[in-house]
Amino acid sequence: SSNASVEKSSWVVIGKDGYVKWKNVPQGLHDALIAQDAGHSASAIMDSNTTSAAFVAASAPCEVSLGIGGTYFVRFLDGRVDYSLPNFVADVFDKFESDGKFVRNVALHVDTYDCLIRYSSPEEMHSGIGSDDEWYEKKEGQGVI
């Protein structure tokens, strides 16, 4: 009942210093947070309730979104991304990237497969996050753009 839903709740907290703590995240996200890359491996602390890690500042995660059914998106400060997205969202993500757009974030919904994708054009990529970013809303069942 209510205790079961509390036990299944998932969360990720990212500190300004690159310290990350998480609980009940999808295995792929857990692995991405632990592994990073060979040059910036995380130092993870495992316990029965939560997992946490401290990262080299340049490789720390900066944006994380958790969605329905084990879906997730994570962007690291060094620009790398890792994700497990619903197929129709991954199709839009791939189309944006093939069109030369820079996908900055995918905001997933926890109760539906709807999402928002924040992106910018190639000429805006180096200007940082700002008013030039555009948003694309994707609802389950819509056709691919």
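# Notebook: a predicted chain, looked up piece by piece

**Entry 1. Confidence.** I began with the confidence of this predicted model. The mean pLDDT of the chain is 78, and 68% of its residues reach 70 or more. Residues 1–6 have a pLDDT below 50, and I found 0 contacts for this stretch beyond near neighbours in sequence. I read nothing further into that stretch.

**Entry 2. Layout.** I looked up the helices and strands next. The chain has 3 helices and 10 strands. Along the sequence I wrote the pattern down as α-β-β-α-β-β-β-β-β-α-β-β-β. I then looked up burial for the whole chain: of its 145 residues, 36% are buried. For contacts with a separation of 6 or more, I noted that 40% are between residues 24 or more positions apart.

**Entry 3. The largest core.** Which residues have the most contacts inside the largest nonpolar core? I listed L85, V89, F96, V106 and I117, in a core of 15 residues. At least two residues of this core come from each of helix 3 (87–98), strand 8 (102–108) and strand 9 (115–120). Helix 3 gives the most, with 6 residues. Another core lies apart from this one; it has 10 residues, including V25, A32, Y72 and V74. I added a general remark beside these two cores: in soluble globular proteins, nonpolar side chains tend to be buried together.

I took I117 as an example and looked up what it touches, leaving out residues up to four places away in sequence. The list is V89, V92, F96, V103, N105, V106, E134, W135 and Y136. V89, F96 and V106 had already come up among the core residues with the most contacts.

**Entry 4. Helix 3.** I checked the length of helix 3 against what its residue count predicts. It has 12 residues, and at 1.5 Å a residue they should span 16 Å. The C-alpha atoms at its ends are 16 Å apart, so the two values agree. The expected span is 1.5 Å times one less than the number of residues, so the count of steps is what matters here.

Which residues of helix 3 are buried? They are F88, V89, A90, V92, F93 and F96. After the helix comes G100, whose phi is positive, near 85°.

**Entry 5. N105 and E63.** I wanted to see where two polar residues sit. N105 lies in strand 8, and E63 is in strand 5 (residues 61–66). Are they buried or exposed? N105 has a relative accessible area of 11%, so it counts as buried. E63 has 13%, and so it is buried too. The cut-off I used for buried is under 20%.

I then looked for partners of their side chains. The side chains of N105 and E63 are joined by a polar contact of 2.8 Å. The side chain of E63 also makes a polar contact with that of R118, at 2.8 Å. Not counting residues up to four places away in sequence, N105 touches E63, F73, L116, I117 and R118. R118 therefore appears in my notes both as a residue that N105 touches and as a polar partner of E63.

I also noted a distance for E63. From C-alpha to C-alpha, E63 and I14 are 8.5 Å apart in space, while 49 residues separate them in sequence.

**Entry 6. G15 and N24.** G15 is in the loop between strand 1 (11–14) and strand 2 (19–23). Its relative accessibility is 28%, which means that it counts as partly exposed. The C-alpha atoms of G15 and A60 are separated by 9.5 Å, with their places 45 residues apart along the chain.

N24 is in the loop between strand 2 and helix 2 (27–35). I looked up its backbone angle: phi is positive, about 55°, although N24 is not a glycine. With a relative accessible area of 37%, N24 is partly exposed.

**Entry 7. Cysteines.** How many disulfides does the structure hold? I found 0. I looked up the accessibility of two cysteines as well. C62 has a relative accessible area of 32%, so it is partly exposed. C115 is at 5%, and therefore counts as buried.

Conventions. Residues are numbered from 1 along each chain as its sequence is written. This is a predicted model: local features need pLDDT of at least 70, side-chain atom pairs count only at pLDDT 80 or more; totals for chains, interfaces and linings use all residues. Side-chain values use heavy atoms; hydrogens and water are left out. A nonpolar core is a set of buried Ala, Val, Leu, Ile, Met, Phe, Trp, Tyr and Cys residues joined through side-chain atoms within 4.5 Å. Buried means under 20% relative accessible area, exposed over 50%, partly exposed in between (1.4 Å probe, protein chains only). Helices (H or I, at least four residues) and strands (E, at least two) are DSSP runs, numbered from the N terminus. Contact means heavy atoms within 4.5 Å. pLDDT is the predictor's confidence in each residue, from 0 to 100. A polar contact is a pair of N or O atoms within 3.5 Å; within protein, one must be able to donate a hydrogen and the other to accept it, and residues adjacent in sequence count only if both atoms are side-chain atoms. A disulfide is a pair of cysteine sulfur atoms within 2.5 Å.
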